[in-house]
Amino acid sequence: MATGSDREDDDSKDLDTQGGGQSVGVPADGELEGSAFNPLGNPGMKHWQASYIDREGLEDRGNIFFAAVEMTRMPMVVTDPRQPDNPIVFVNRAFLDLTLYEEAEAVGRNCRFLQGPQTDPATVDAIRKAIADERAVAFDILNYKADGTPFWNALFLGPIFDHEGQLLYFFASQMDVTERRATEQSSLQAQKMEAIGQLTAGMAHDFNNLLQVINGNLELALLALGAGNSTAGESIRRAQRSAMKAGKLTQQLLTFARKQRLEPRRVNLNALLVEFSELLVRTLGDQVELHLDLRPGLPACTLDPTHLEMALLNVLINARDAMPNGGQVKVATALAPGNQVVICVADGGEGMTPDVMRRATEPFFTTKGPGTGLGLAMVHGFVQQSRGRLEIDSTPGQGTTVRMIFPLADGETAASDSGPGADQEADGNDPDRALQEDENRPRILVVDDNEDVRELAESMLGAAGYAVVSAPSGERALELLEEEADIDLLFTDVIMPGGMNGLQLAEQVRARRPETPILITTGYMDELPAPAPRAQPLDVLGKPYRQEELLSRVRAILPARTAL
């Protein structure tokens, strides 16, 4: 909102005289840029914010100026503050088109008839103050049309005086800026989410390092404890589960901020829904009941479980909002024709009209006042990226059904006993391995600026029989690689503040020693660049990781040599 100059300031300005003195205007001078949309495209300098005229009547309607007022598509209003309650005394045809009122319904009434339940009282107070101060004002206000439809009105209001300085009228021009406001609000929301994502990303690296140290040392403590103390062992396992849940929460936050790459893996939808059901119940709240109907023996599919959970949350939140008085949401799994599985979410809420349903997955389209319109758009994008499809059925007054359909997992993608890691585990039990000389053990260079994380990785790998050397920085790692030729694997973190990061180190190692394999670890996948078309792919282990995950990945990378 912006207000114009007061009467005392007007006297000091260079006034614009027109018609040989018939009218005089006070230039805006860029003081009234308070609306979301400026029809001029740049600050208004020459248009008038207040005017002085020598004939006050409204009867002269036979000249070109009146024709221009009626031909313009800019809605215009004139009110008379000398009459009780400052009523409207003139509206042009464009005002009637905008508000859907008839002229007889508008003339003679105060403009407040355009206000409604969501109109901001503070904006109304500012308008009243500007009128009382007899000064111009520009602002956006939520008004309502004759049929009850709300619209954002970019309003400019300015006073008209006679040559003696007596207030005669207020003039107002208006413009419907609803769509522009919605776009700007969606853009602001997207910027806010991006800022949240950046903040979350900044915390994720350090947070995952802390979780890595906690969970890794708990795992080592459990191994050292053995089977002798079941009570202590169970306490450690509970702490492990909590630490892994904290790591999963970090990944969910990154997914929510769209900072996490898809990591598809073999998933049983029934197991995921059961595990996730507690959070789904909390999301729905006390008034909405969750009912699970899971098909026994459902085949697995390949997708990113974290992104699926976030997609489910978005659909469940929409279902909850569609039932403000409570109800039931049914989440079911089933087989679909064509070797597919389906997750079906059905509610008994308000439903959608065909027009709304057609636009339901459009970005920024929403029927909820405070909504961003990104929920179903994100769901649709995830399902498509997972080689599936999204179907929506809805009937007003009867509810909405959302189906996420995914293809079955390929049998060859099962990460069970046939994977390279499993083969190497079997090789690791070969008694002939115990006869290897110490200098022939695989030698791994661990690089991490965090001492606790670095020592933990050394302990995990050393306990599995690997020879380990370590470096606190990328620069030191390169020195070690020059000094020791028998490094079989580089295991490096990505973010190492104050010097060379893990990606830069990997580039240097590939240039100098292209035969040396590299394993990258990070808790924030957005640190990783998109792979170039012909670039060698990165082998990435997410944080926090368990010892068995690290060893399985190392054994897969070093198939020809196994630790003692």
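Two strands count as paired when DSSP finds at least two bridges between them. The model on screen is predicted, and the tour below visits two of its sheets.

**Stop 1: strands β14 and β16.** Select residues 340-347, which are β14, together with residues 399-407, which are β16. These two strands pair in the antiparallel sense, with seven bridges between them. To find the register, label Ala346 and Thr401: Ala346 faces Thr401 of β16 across the pair.

**Stop 2: the hairpin.** Keep β14 and add β13, residues 327-336. Eight bridges hold this antiparallel pair together. Here the marker is Val331, which stands opposite Val345 in β14. Now go to the turn: three residues separate β13 from β14 in this hairpin. Which residue in the turn has a positive phi? Gly338 does, at about 85 degrees.

**Stop 3: across to β11.** On the other pairing of β13, select residues 288-293, strand β11. β11 and β13 run parallel and are joined by six bridges. Label Asp293 and Ala332; Asp293 is opposite Ala332 in β13.

**Stop 4: the whole sheet.** Add β15, residues 389-395, and show the strands together. In what order do the five strands of this open sheet lie? The order is β11-β13-β14-β16-β15, and the pairing is mixed. β11 and β15 are the edge strands, each pairing on one side only. From one strand to the next the twist averages 15 degrees.

While the strands are displayed, show side chains too. In a regular strand, side chains alternate between the two faces of the sheet.

**Stop 5: the helices on this sheet.** Select residues 269-284, helix α8, which packs on the sheet and touches β11, β13 and β14. The direction of α8 makes about 175 degrees with that of β11. Next select residues 305-321 for helix α9. Helix α9 lies across β11, β13, β14 and β16, and runs at about 25 degrees to β14.

**Stop 6: a second open sheet.** Hide the previous selection and bring up β17, residues 443-447, and β18, residues 467-471. Five bridges join β17 to β18, and the two run parallel. Val447 is the residue to label here, opposite Ala471 in β18.

Extend the view to the five strands of this sheet, ordered β18-β17-β19-β20-β21 with parallel pairing. At the edges are β18 and β21 (540-542), each of which pairs on one side only. The average twist is 20 degrees from one strand to the next.

How values were computed. Residues are numbered from 1 along each chain as its sequence is written. This is a predicted model: local features need pLDDT of at least 70, side-chain atom pairs count only at pLDDT 80 or more; totals for chains, interfaces and linings use all residues. Side-chain values use heavy atoms; hydrogens and water are left out. Helices (H or I, at least four residues) and strands (E, at least two) are DSSP runs, numbered from the N terminus. Axes are lines fitted to C-alpha atoms, for helices over the stretch in contact, and angles run from 0 to 180 degrees between N-to-C directions. Contact means heavy atoms within 4.5 Å.
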